[in-house]
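Let's take a walk through this fold together, from single residues up to the whole chain. Please have a look at the sequence and structure below.

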Amino acid sequence: MSKETVILGGYTRKGGKGIYKAELDTATGSVSTPLPYVDSVKGPTYLASSAAGFLYACAAGDGEGGVASINMNAAKPQVMSQLLQPGGSPAYVAVDEDRQLVFAAFYHDGRVSAYKIQSDGTLKLTDSVTREGHGPLPEQDASHVHFADLTPDGRLVICDLGTDTLVTFPVSRDGKLGTPAETQMTPGFGPRHIAFHPTLPVAYLLGELSSDIDVLDYDAATGTFTPRQVVSTIPDDWTGHNGAAAVRLSKDGSYLYASNRGHNSIASFKIDKSGNLTFLRYVSTYGDFPRDFALDPSGNYVLAVNQNSDNGTLYRRDPVNGDLIPIAINIPTPEAVCVRFLK
């Protein structure tokens, strides 16, 4: 099948409609102009899809934040519900297909919440954990949970940017979070996102504040991590501001990519047989502030979106050497900060 559906999530502050939809034609290497798909959810800055054809999106209200449930099975998408609670909106959402749960990371409130997927695709809050603490940098004035998703063995792992910690929770089938295990990272690292190797017990933690990737050995028995290698996502001579944003691995576990907001690039790395990284090259995102990007299901294309310049860049990916070759640099992506290829 040569057509792949891509969904973009973004802000709704400057005229962005929120959720956009486009098609990638893998035969021709072209992507259609993204068109508004769901415009009734405020601030859908991160998205996750389920096998049942539902989209779960970060949602903001008046002094509230939570998760919207969107049914994509009909001719037009239908917002089934928006489950909001006092506080900020989430920065990340994820689906647990096995237990039929959804997780949300609330950056501003230092909280992670778990929800049970109901028979109609809507959500019911089952548990929340609010963390405390801070780190040494101004951006670390309090706990800031930036990521909440599954480990390969089914724990919930969260990245707490504010306290420089990785936390893993056992999760029950009804969405209760058990006693957590914590791994303390280097002060000021600023954990943002983590990605796991497809076959090795190795994880790659991206530090937003440090612009580093920490290669970690993961112990599934304890849910803890042991650092073994640190590599930078930016050049040694870069003196401008940078915030590392997204980290992705190729399906075969051979290459890793990370986006840089400030340096405005994607850094690529070769992954060796042990899981260690070797830097390869940078490629420009041809825009400003690339918060997210994704590899398409075929692994032959990468789409990056630049938040501040409202444009996306499509690359052809060479699976042999990992190269990203830009083939379209002016795709209109208003306020987009999340890229999701539908399963």
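Where is the place of T45? T45 lies in the loop between β4 (35-38) and β5 (47-49); strands here are DSSP runs of E of at least two residues, numbered from the N terminus. A word on the ground rules: this is a predicted model, in which local features need pLDDT of at least 70, side-chain atom pairs count only at pLDDT 80 or more, and totals for chains, interfaces and linings use all residues. Residues are numbered from 1 along each chain as its sequence is written, and side-chain values use heavy atoms, with hydrogens and water left out.

**Three residues**

T45 counts as buried, with a relative accessibility of 5%; buried means under 20% relative accessible area, exposed over 50%, and partly exposed in between (1.4 Å probe, protein chains only). Neighbours within four places in sequence aside, T45 is in contact (heavy atoms within 4.5 Å) with G10, Y11, C58, P90, R291, V337 and C338.

A148 sits in strand β13 (residues 145-150) and is buried, at 0% relative accessibility. Its contacts, again without neighbours within four places in sequence, include Y92, A94, F103, A104 and A105. A148 and V95 are 53 residues apart in sequence, with 9.9 Å between their C-alpha atoms.

S232 belongs to strand β20 (residues 224-232) and is partly exposed, with a relative accessible area of 29%. Not counting residues up to four places away in sequence, S232 touches S211, D212 and F269. Its side chain reaches the backbone oxygen of I234 at 3.0 Å. S232 and I213 are 19 residues apart in sequence and 6.2 Å apart, C-alpha to C-alpha.

**Around strand β2**

Five of the seven residues of strand β2 (residues 19-25) are buried, so this strand is largely enclosed by the rest of the structure. Two strands pair if DSSP finds at least two bridges between them, and the pairings of β2 look like this:

| Partner of β2 | Bridges and sense | A bridge pair |
|---|---|---|
| β1 (residues 3-10) | six bridges, antiparallel | L8 with Y20 |
| β4 | three bridges, antiparallel | Y20 with P36 |
| β3 (residues 30-31) | two bridges, antiparallel | L24 with V31 |

Y20 thus appears in two rows, with L8 and with P36. β2 and β3 form a hairpin with four residues between them, and G29 in the turn has a positive phi of about 70°.

**A four-stranded sheet**

Further along, an open sheet of four strands runs in the order β9-β10-β11-β12, with antiparallel pairing. Its edge strands are β9 (92-96) and β12 (123-130), each of which pairs on one side only. Neighbouring strands of this sheet are turned by 20° against each other on average, direction ignored; axes are lines fitted to C-alpha atoms, and angles run from 0 to 180 degrees between N-to-C directions. Strand β10 (residues 101-106) and strand β11 (residues 111-117) run antiparallel and are joined by six bridges. L101 stands opposite K116 in β11.

**The whole chain**

The chain has zero helices and 29 strands. Buried residues make up 58% of its 343 residues. Among contacts between residues at least 6 apart in sequence, 46% join residues at least 24 apart. Along its principal axes the C-alpha trace spans about 45 × 45 × 35 Å.

Methods: A polar contact is a pair of N or O atoms within 3.5 Å; within protein, one must be able to donate a hydrogen and the other to accept it, and residues adjacent in sequence count only if both atoms are side-chain atoms.
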